[in-house]
Amino acid sequence: MSGMKEKLHTGELYLPGDEAIIKEQVVYQDKLCEYNQTKPSQAEQRAEMLKDMLGDCGEGVYIEAPFYANFGGKNCHFGKMVYANYHLTCVDDTHIYIGDYTMIGPNVTLATAGHPILPELREQLYQYNMPVRIGRNCWIGAGAVVMPGVTIGDNTVIGAGSVVTKDIPANVVAVGNPCRVMREIGEHDRKYYFKDREILPISADIKYK
């Protein structure tokens with residue numbers, strides 16, 4: 001099983017039970033376990049722990065505990081002001097990139113790992129990893145699942161419970177299983193924030209792009 005560790009980030013088939021992989025993985029998972037044992041009142045401690053745990057951790061990143069990650073978040077790269085609600089699961093066997101100001105609802109799964117369809121290969125425990133990329137200022141709704149290799153564009157909203165199997169462009173609302181673009185974000189959204197609830201009087205303070 002030599003050389004398996006080098007294949008984590010190449011998209012090639014590899015065996016995740018490789019001794020070198022597991023040895024490194026356990027170190028990161030121990031840190032994650034410690035993070036999940038902290039209290040909400042320990043916000044400063046959590047912030048410092050995230051800087052140590054995550055591959056990249058921008059200013060103001062906050063992840064509610066419990067947080068789950070295969071590599072303890074080591075392969076997660078979060079921009080500034082990213083917020084993740086309870087039970088975020090990052091299957092970060094390879095890299096997960098999340099842009100600035102993105103919000104993630106509870107019980108979201110971001111999965112980079114997959115297994116071959118061919119049963120003979122699965123029986124041998126083969127796996128492959130493909131990176132996940134989520135853009136700037138996105139909102140990923142509660143219970144959504146983002147599959148390996150998917151890219152989600154800037155400002156996009158993914159509806160609750162969606163299963164995102166293919167790339168989603170920027171500036172859209174996308175929902176469903178499989179997730180599909182429902183509409184573009186536009187003038188209606190400049191006036192209403194929920195059904196017939198108008199944004200006014202705060203709309204004067206909004207900086208449109």
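These legends cover several close-up views of one predicted model.

Residues are numbered from 1 along each chain as its sequence is written, and side-chain values use heavy atoms, with hydrogens and water left out. Because the model is predicted, local features need pLDDT of at least 70 and side-chain atom pairs count only at pLDDT 80 or more, while totals for chains, interfaces and linings use all residues.

**View 1. The whole protein: helices, strands and overall dimensions.**
The protein has four helices and 21 strands. Helices (H or I, at least four residues) and strands (E, at least two) are DSSP runs, numbered from the N terminus. The C-alpha trace spans about 60 × 40 × 25 Å along its principal axes. The radius of gyration is 18 Å, which agrees with the value near 17 Å for a compact globule of 209 residues. That radius is taken over C-alpha atoms, and the globule rule is 2.2 Å times the number of residues to the power 0.38.

**View 2. Helix α1 packs with helix α2.**
Helix α1 covers residues 19-36 and helix α2 residues 43-53. Their axes are 10 Å apart, at an angle of about 165 degrees. Axes are lines fitted to C-alpha atoms, for helices over the stretch in contact, and angles run from 0 to 180 degrees between N-to-C directions. The two helices are therefore roughly antiparallel. Angles under 35 degrees count as roughly parallel, over 145 as roughly antiparallel, 65 to 115 as roughly perpendicular and the rest as oblique. The crossing of α1 and α2 is left-handed: the near helix is turned anticlockwise from the far one by less than a right angle, whereas clockwise would be right-handed.

**View 3. Residues at the contact of α1 with α2.**
From α1 come Lys31, Leu32, Glu34 and Tyr35. They meet Arg46, Met49, Leu50, Asp52 and Met53 of α2. Contact means heavy atoms within 4.5 Å. Five of the contact residues are nonpolar, four are charged and none is polar. Ala, Val, Leu, Ile, Met, Phe, Trp, Tyr, Cys and Pro count as nonpolar, Asp, Glu, Lys and Arg as charged, and the others, Gly among them, as polar.

**View 4. An open sheet of seven strands with mixed pairing.**
The strand order is β2-β5-β8-β13-β16-β18-β19. The edge strands are β2 (62-63) and β19 (180-184), each paired on one side only. Two strands pair if DSSP finds at least two bridges between them. Strands β8 (residues 103-104) and β13 (residues 139-140) are parallel, with two bridges. Here Ile104 stands opposite Ile140. Two bridges also link β16 (residues 157-158) to β18 (residues 172-175), again in the parallel sense. In this pair, Ile158 faces Ala174 of β18.

**View 5. The β18-β19 hairpin.**
Strands β18 and β19 run antiparallel, joined by four bridges. Val175 stands opposite Arg180 in β19. Four residues lie between the two strands. In the turn, Gly176 has a positive phi of about 105 degrees. The loop between β18 and β19 also holds Pro178. A cis peptide bond runs from Asn177 to Pro178, with omega near 0 degrees.

**View 6. An open sheet of five strands with parallel pairing.**
The order is β3-β6-β9-β14-β17. Strands β3 and β17 (163-164) stand at the edges with a single partner strand each, so one side of each has no neighbour in the sheet. Three bridges join β3 (residues 67-69) to β6 (residues 88-91). Phe67 has Leu88 as its bridge partner in β6. Three bridges also join β6 to β9 (residues 109-111). There, Cys90 is partnered by Leu110 of β9.

**View 7. Backbone details in two loops.**
Pro66 sits in the loop between β2 and β3. The bond joining Ala65 and Pro66 is cis, with omega of about 10 degrees. His87 lies in the loop between β5 (83-84) and β6. His87 is not a glycine, yet has a positive phi of about 65 degrees.
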